[in-house]
Amino acid sequence: MQRTKLSLVVKTLRKENGLTQQQLAMKSGAGLCFVRDLEQGKPTLRMDN
């Protein structure tokens with residue numbers, strides 16, 4: 001999958017803040033699968049979440 005600018009920004013900021021994907025999911029109220037898919041640039045990701 002090709003990463004988008006958004007996916008790179010999210011991953012970079014998450015790492016800069018010392019968070020795991022699971023911690024980001026919990027703090028943001030999103031699911032872990034959503035965070036993983038977002039960082040991977042999954043093209044069918046629903047952004048209304």
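User: Take the contacts in the protein chain between residues at least 6 apart in sequence: what share of them joins residues at least 24 apart?

Analyst: That share is 47%. Keep in mind that this is a predicted model. A contact here means heavy atoms within 4.5 Å.

User: Which elements does the protein chain have, and in what order do they run?

Analyst: The protein chain has three helices and zero strands. From the N terminus on, the order is α-α-α.

User: How confident is the predictor in the protein chain, by pLDDT?

Analyst: The average pLDDT is 89, on a scale from 0 to 100. Of the residues, 86% score at least 70. Among the elements, H2 has the highest mean pLDDT, 98. H3 has the lowest, 93. As a general caution, predicted coordinates should not be read in detail where pLDDT is low.

User: How do you know that the span of H1 agrees with its number of residues?

Analyst: Set one value against the other. H1 has twelve residues. The expected span is 1.5 Å times one less than the number of residues. That gives 16 Å for H1. The end C-alpha atoms of H1 are 16 Å apart, so the two values agree.

User: Which residues of H1 are buried?

Analyst: Ser 7, Val 10 and Arg 14 are buried in H1. Those three cover an arc of only 65° around the axis, so they sit on the same side of H1. The face turned away from that buried side carries exposed residues: Lys 5, Lys 15 and Glu 16.

User: What do the buried residues of H1 pack against?

Analyst: They pack against H2 and H3.

User: Why is Ser 7 called buried?

Analyst: The cut-off for buried is under 20% relative accessible area. Ser 7 has 0%, so Ser 7 is buried. Its place is in helix H1. Its side chain reaches the backbone oxygen of Thr 4 at 2.7 Å.

User: Leaving aside neighbours within four places in sequence, what is Ser 7 in contact with?

Analyst: Ser 7 is in contact with Leu 38, Glu 39 and Gly 41. The C-alpha atoms of Ser 7 and Leu 38 are separated by 5.6 Å. Along the chain, Ser 7 and Leu 38 are 31 residues apart.

User: Is Leu 38 buried or exposed, and what makes it so?

Analyst: Leu 38 has a relative accessible area of 13%. Buried means under 20%, so Leu 38 counts as buried. Leu 38 is found in helix H3.

User: How do you know that the buried residues of H3 line one face of the helix?

Analyst: Start with the residues. Phe 34, Val 35, Leu 38 and Glu 39 are buried in H3, which runs over residues 32–40. Seen down the axis of H3, they fall within an arc of 125°, so they line one face of the helix. Their cover includes helix H1 (5–16) and helix H2 (21–28).

User: What makes Glu 39 count as buried?

Analyst: Glu 39 is at 3% relative accessibility. The cut-off is under 20%, so Glu 39 counts as buried. Its touching partners, not counting residues up to four places away in sequence, are Arg 3, Ser 7, Val 10, Lys 11, Arg 14 and Gln 21.

User: Why does Arg 14 count as buried?

Analyst: Arg 14 is at 9% relative accessibility. Buried means under 20%, so Arg 14 counts as buried. The place of Arg 14 is in helix H1. Outside its neighbours within four places in sequence, Arg 14 is in contact with Leu 19, Thr 20, Gln 21, Leu 24 and Glu 39.

User: What makes the link between the side chains of Glu 39 and Arg 14 a polar contact?

Analyst: A polar contact pairs N or O atoms within 3.5 Å, one able to donate a hydrogen and the other to accept it. The side chains of Glu 39 and Arg 14 make such a contact at 2.5 Å. The C-alpha atoms of Arg 14 and Glu 39 are separated by 10.0 Å. Along the chain, Arg 14 and Glu 39 are 25 residues apart.

User: Which residue just after H1 takes a positive phi, and which one follows H3?

Analyst: Gly 18 comes just after H1, with a positive phi of about 70°. Gly 41 follows H3, and its phi is positive too, near 75°.

User: What part of the protein chain counts as buried, and how much area does the protein chain expose?

Analyst: Of its 49 residues, 22% count as buried. The protein chain exposes about 3800 Å². Carbon and sulfur atoms supply 53% of that exposed area.

Methods
Residues numbered from 1 in each chain as written. Predicted model: local features only at pLDDT ≥ 70, side-chain atom pairs only at ≥ 80, totals over all residues. Heavy atoms only, no water. Buried < 20%, exposed > 50% of the residue type's maximum accessible area, 1.4 Å probe, protein only. Helix = DSSP H or I, 4+ residues; strand = E, 2+ residues; numbered from the N terminus. Arc of directions from axis to C-beta. Areas by Shrake-Rupley, 256 points an atom, 1.4 Å probe, with all protein chains shown as cover.
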